[in-house]
Amino acid sequence: MKKKLKKKNVIILSIIAIILIVSIISSIILLSKDNKPNNSKKENNDLKEEIKEEERVKIVDLNSTSRPYAVMINNIGAARPYHTGLQDAYLVYEIVVEGGITRYLALFKDKNNEVVGNIRSARHYYLDYVMENDAYYVHWGWSPQAQSDISTLNIDNLNGLTYGSPYFFRQNISGVNIEHKAFTNLKELSNLVNKLGYRTKTNKDLLLNYSATPIEIEDDAKEANNIDIKYSNSSTTNYVYDSTNKNYKQFVNDKEHTDYATKEQYAVKNIIIYQVGNSTITNDDKGRQELDNIGNGKGYFITEGKQIPITWEKKSRSSQTIYRYLDGKEITVNDGNTWIHIVPKTGNISIS
């Protein structure tokens with residue numbers, strides 16, 4: 001009887017041992033599987049990253065909190081051949097100044113261009129567009145009106161007359177008047193901003209809404225292959241649509257507008273045009289202008305060969321201009337640079 005019981009116990013113990021061994025081996029196999037890289041999961045993550053990259057706006061970093069630099073660009077005929085770096089501006093305004101000529105306000109965000117220009121003196125109504133973008137105003141000199149407003153409005157400005165090298169410098173260009181040789185270094189300006197203790201984080205959203213994928217243009221939108229924007233008898237900006245690259249080649253007075261450093265013609269993805277009144281300031285010996293830009297009106301949004309009617313509204317000097325489709329919805333622009341042309345009512349806009 002004892003022998004049978006002993007034999008039975010041995011069998012039970014053997015069965016328990018086998019179960020334990022099988023359990024241990026199974027656990028090892030499962031653990032091994034868990035520790036192996038999941039190629040399928042990795043492939044899915046890679047695919048998601050590729051999709052994210054395709055959906056990411058490239059003209060600006062939408063998550064960036066840095067403030068842009070708004071650089072006053074000289075646009076008189078003698079200075080224009082030496083324009084440098086404008087292709088890297090995500091947003092440019094063109095507005096008339098005295099004498100029927102225009103100047104550009106070019107905005108750069110998170111850029112380190114070592115040569116941008118050529119730079120010219122400030123005008124007071126450009127401050128409205130500096131403020132609506134919460135930008136640092138970069139200029140070389142100022143009108144009396146701009147000097148007064150910069151102080152009154154507490155504008156964070158960087159003046160080439162005040163700060164010299166390495167922040168501002170003059171290019172060695174022969175046969176050109178000294179006032180047309182002024183340039184700036186964006187990389188160095190960031191050091192000047194820190195030195196002056198200016199606020200570095202923006203308190204405003206980007207002016208425009210951007211789409212990483214091509215926006216859907218209304219089927220009944222009119223064609224926009226050739227654009228002529230006449231500011232005065234001496235100043236016209238022209239565009240010709242490039243259907244291959246889906247952007248607009250820029251001309252000034254029917255001549256190619258090219259970069260002095262790269263020798264490439266400037267190209268623009270989005271164009272906004274509207275007209276406002278302007279007048280000569282009383283008793284101003286230079287004929288400087290006043291701009292009737294606070295209010296609302298109608299204009300055009302042009303992109304990828306099409307023109308779309310829009311409205312604009314600017315409630316105050318510091319408030320952001322809001323651009324809307326006729327149904328009241330804010331416009332969205334394609335991923336790329338945008339030029340905003342604010343044209344005198346005495347000027348002319350032709351789109352075909």
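Start at the hairpin of β2 and β3: 5 residues lie between the two strands, and G99 takes a positive phi near 75°. Keep in mind as you click around that this is a predicted model.

**The strands on either side of the turn**

Now select β2, residues 91-96. It is mostly covered, with 6 of its 6 residues buried. Colour the two faces separately: L91, Y93 and I95 sit on one side, V92, E94 and V96 on the other, and both sets are buried. If you wonder about that split, side chains in a regular strand alternate between the two faces of the sheet.

Add β3, residues 102-108, to the selection. β2 and β3 run antiparallel and share 6 bridges. For a landmark, show E94, which stands opposite Y104 in β3.

Next, bring in β22, residues 338-344. Here the pairing with β2 is parallel, over 5 bridges. Look for Y93 and I340, which are bridge partners across β2 and β22.

**Into the core**

Stay with Y93 and show side chains. Which residues touch the most other members of the largest nonpolar core? Y93 is one of them, together with L105, Y137 and Y323, in a core of 43 residues. The helix to highlight is α3, residues 127-132, which gives the most to this core, with 4 residues.

Then centre on L105. Leaving aside neighbours within four places in sequence, L105 is in contact with A70, V71 and M72, with L91, V92 and Y93 from β2, and with Y126, Y129, V130 and Y137. Apart from this core lies another one, of 41 residues, with V92, V116, V138 and L189 among them.

While Y129 is on screen, add K314. K314 lies over the face of Y129, at 5.3 Å from the ring centre.

**A three-stranded sheet**

V116 from the other core leads to the next stop. Select β4, β8 and β7: these 3 strands form an open sheet in the order β4-β8-β7, with antiparallel pairing. β4 (116-117) and β7 (168-170) each have a single partner strand, so they stand at the edges, with one side left without a neighbour in the sheet. Between β4 and β8 (residues 182-184) there are 2 bridges, and V116 stands opposite T184 in β8.

**Rings**

Show the aromatic side chains next; the whole structure holds 12 aromatic pairs. Zoom in on Y136 and Y198. Their ring centres are 6.3 Å apart and their planes meet at 20°, under the 30 degrees that counts as stacked, so this pair is stacked. The two tyrosines come from distant parts of the chain: Y136 is in β5 (residues 136-139), and Y198, 62 residues away, is in the loop between α5 (186-196) and β9 (209-211).

Buried or exposed: how does Y136 count? Y136 is buried, at 2% relative accessibility. Y198 has a relative accessible area of 18% and is buried too. Add Y69 and you have a cluster of Y69, Y136 and Y198 linked by ring pairs.

For another geometry, jump to Y239 and Y248. This pair is edge-to-face, with 6.3 Å centre to centre and 80° between the planes. Y239 and Y248 are both buried.

**Zoom out**

Finish with the whole protein in cartoon view: 5 helices and 23 strands. Of its 352 residues, 47% count as buried. Among contacts with a separation of 6 or more, 65% join residues 24 or more positions apart. Switch on the surface last: about 18700 Å² is exposed, and carbon and sulfur atoms supply 50% of it.

Technical notes:
Residues numbered from 1 in each chain as written. Predicted model: local features only at pLDDT ≥ 70, side-chain atom pairs only at ≥ 80, totals over all residues. Heavy atoms only, no water. Buried < 20%, exposed > 50% of the residue type's maximum accessible area, 1.4 Å probe, protein only. Pairing = 2+ DSSP bridges. Core = buried A, V, L, I, M, F, W, Y, C linked by side-chain atoms within 4.5 Å. Contact = heavy atoms within 4.5 Å. Areas by Shrake-Rupley, 256 points an atom, 1.4 Å probe, with all protein chains shown as cover. Phe/Tyr/Trp six-rings, centres within 6.5 Å; stacked < 30°, edge-to-face > 60°. Lys NZ or Arg CZ within 6 Å of the ring centre and 35° of its normal.
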